[in-house]
Structure formats: C-alpha cells, structure tokens
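These are my notebook entries on charged side-chain pairs and on one helix packing, written down as I looked them up.

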Amino acid sequence: MRSLVGSLILLMLTGCQPFSEPESMMEEYVERVARVFDQPAELSPLPVTGLFPRRRDRRLPMPELDLSMLDFLSLYGCDLQHVVGERNSGLGRVMQPLNQLRYELKFIHAADDCIGALEDDPSLREAVVFARHSKVTTLPIAVWNASWGVEEIEPLFTRTEGALPVTVSVADISDLEVDVRLLVQRLGELRKGKLDTDFGFLGEVHQRWQAEDRMGQLIKSGQLLVTRLNDAADIIEHRLAARPVCLNGQPNNQAEIARSMFFAVYAGKVQPYIAAVTRIRQHLLPGFHELGATQRNVMPAAFEGYFNRYLTEAGENSLWRQLDQAIKRHTRLWQDVLGQCGMRPGA
C-alpha cells in the first residue's frame, strides 16, 4: 500500500510539473502555443524508433582457413602451430567477436615469425604466406564483428529507455565519447597496416556499452524534438495564414501573451533542452558515424538503413537533418510573429 501511495504521489507531482520530463515538456509547449494563438492543439503521433538491427543481421560470417593436419604437424616449432591449435579447440570454435579479432591478429603475428623459420621448406612457407595474406584480407570482417557485431552494443542503442532527461549534460557521456574516438583511432592505425595495434582496451569499452543507453536516448530525443517542434510550427503557420497577429507592426494583448510565453517556456525550458541534446549529439554522433563510415566496405546491407537514418547527419532520410530543418522552421516562424508585432529580439 505504501508503495502504491508513493507511486500516486509521484504521478501527481509529475502531472503538476510538466517540464520535469522531455515528453511532457514538449507536449505542454505545443498546447501553450495553441492557446496563445487560438488554434487547436494537435499532437502528432511520435514515430516508432527503428529497431537496432538484430545480431544475426549485424554479424558477418568469418571465412575459415583450412590448414590440413599434415601442414599443421609440419609447423612443429612455430608458434603458429599453437595458435591454430587454440582455434581448433572446443572453446576456439565458439569464439566471441572480440576474441576472434584477437585470434586473427595473433595468427598474423605468428605467421610472420613462422615464415622466416621455413626457409628450408618452400612449399610450406608458401602455404603460410598465403594463409597470412588471407587473414589480412579478411581482417576487416573481424573488426566489424568486434565493433558492431557484439552483443554488448545492443543496450547502448536500446529504444526502450525514452528520451534524454532534461538534466542531461556532456559529463554524462564523456566516457562514451573517449571510448569511441579511441576505437576509431586504433582502427585507423590498423587500416594503415599497423598490425601490432593494441585493442586490449576494447573489452572495457564493451562493458561500458552494455551499461549505457545514451545513443538510444539521443535518437528518441531527436525524434521527439522533430515531431513537437513541427507541431508548434504548424500551429503558428496556420495562424499566420489565417490572419495577422498584429497590424501595422503594433503589438496587442495577444502578442504580449505570446511573447511572454515564448520567453518563459520556449527560451526558458525548451531551448535549453534543444541545446543539451545538440551538445550530446555533437560529442557522440561523429564518433559512431565514423566507426560505421570507415567500415562501409563490409557493412551488412541490413545495417545500412539504420546507419543512414540515425548515424548520419546528411541525406534526405537522416533524422538529424530533419531535426536541423525543424529547428530552423520553428525559429523562422517565431521570428515572423515577433517581427510582425515589432517584438523581435534585438530589433
């Protein structure tokens, strides 16, 4: 009973404080815009966030390299023998993506050492050279799987946790930003041929991804702002199309009320939230965009639609391009109203 009473009190407080949550804040803003302009308040349905592609659709099949038993035994004395033995063990056959990447790099390094020791066996040396080349060629697949194909990234992009809270700050996502930028940097070194690049940090990155939901929240915030800013813009646009708010640039009572609401609610509540979402976007999105864009040559087709929609800032279907357009449209219409009444800030 005590728990039920507490929940009811919290619900009542939330209802009395619409600006404590982003969804209720944006709905309240649209409703107040409608009231001051004598228009019906129409709230568009919020679009359903696209599902982060399933693991089986994100993960690429890793080509197997066949070393015959005869060749394997002939490598006695080379570390490559032990590396291949690990892969052929029971645990090695069910490697998770990060361990698979480590194995691929370990194989290449062991092959480098082994090649020099096989000068007296040209045919086996040629086989190891070929095997090494094959591993280098398929390394981008292992890299993709260890970055985008891991289970741990899924909570980071969950769509079940709502939008970013109104109190969010850059400090809340600093570790995520550092992690993704370091990963992008190390992958860049690997693409340049630095096969000794250290990925020892990646396990900890995966653990933090598993404990976070900020990218999913950022995407939900973007969709919320696009929808509600356009709802408010539609109301203002319809009002201006029907009749002017002010005549001959002279303010009136309705204009004064609109201006007061603009500064108290939009400038005081909504705009700071837009700024906070923008800062989180600026700190997080470029890193995850680059993490995907630099691997487009192996990106699965099932991932491309999600990437283009939520992780790219350009393109007709980009959520972030649509958000930029919604902010510009909303700002322009308010400038039209305030300018029409001689109230534009800075005029």
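I began with E316, whose relative accessible area is 64%, and because the cut-off for exposed is over 50%, I entered E316 as exposed. This is a predicted model, so I treat each value as computed from that prediction. The side chain of E316 meets that of R321 in a salt bridge, with 3.4 Å from N to O. I then looked up R321 and found 27% relative accessibility, so I entered this arginine as partly exposed.

I next searched the whole structure for such pairs, and the search returned 19 salt bridges. One that I followed up joins the side chains of E154 and R58, at 3.1 Å from N to O. This pair links distant parts of the chain, 96 residues apart: E154 sits in the loop between α7 (122-147) and α8 (174-191), while R58 belongs to helix α3 (residues 55-58). Is R58 buried or exposed? I found 0% relative accessibility for R58, and since buried means under 20%, R58 goes down as buried. For E154 I noted 24% relative accessibility, so this glutamate counts as partly exposed. I also noted that E154 and R58 belong to a network of salt bridges in which R55 and E151 are linked with them.

For a pair within one helix I looked up E256 and R259, which form a salt bridge with their closest N and O atoms 3.1 Å apart. Both residues lie in helix α11 (residues 253-293), three residues apart, which is about one turn of the helix. E256 has 34% relative accessibility and therefore counts as partly exposed, and R259, with a relative accessible area of 30%, is partly exposed as well.

My last entry concerns α8 and its packing against helix α9 (residues 202-211), for which I recorded an angle of about 140 degrees and axes 11 Å apart. Since an angle has to be over 145 degrees to count as roughly antiparallel, I described α8 as oblique to α9. The crossing of these two helices, α8 and α9, is left-handed. Which residues make the contact? On the α8 side I listed D175, L176, D179 and L183, and on the α9 side L202, V205, R208 and W209. Sorted by class, the contact of α8 with α9 comprises five nonpolar and three charged residues, with no polar ones.

Methods:
Residues are numbered from 1 along each chain as its sequence is written. This is a predicted model: local features need pLDDT of at least 70, side-chain atom pairs count only at pLDDT 80 or more; totals for chains, interfaces and linings use all residues. Side-chain values use heavy atoms; hydrogens and water are left out. A salt bridge is a side-chain nitrogen of Lys or Arg within 4 Å of a carboxyl oxygen of Asp or Glu. Helices (H or I, at least four residues) and strands (E, at least two) are DSSP runs, numbered from the N terminus. Buried means under 20% relative accessible area, exposed over 50%, partly exposed in between (1.4 Å probe, protein chains only). Axes are lines fitted to C-alpha atoms, for helices over the stretch in contact, and angles run from 0 to 180 degrees between N-to-C directions. Angles under 35 degrees count as roughly parallel, over 145 as roughly antiparallel, 65 to 115 as roughly perpendicular and the rest as oblique. A crossing is left-handed if the near helix is turned anticlockwise from the far one by less than a right angle, and right-handed if clockwise. Contact means heavy atoms within 4.5 Å. Ala, Val, Leu, Ile, Met, Phe, Trp, Tyr, Cys and Pro count as nonpolar, Asp, Glu, Lys and Arg as charged, and the others, Gly among them, as polar.
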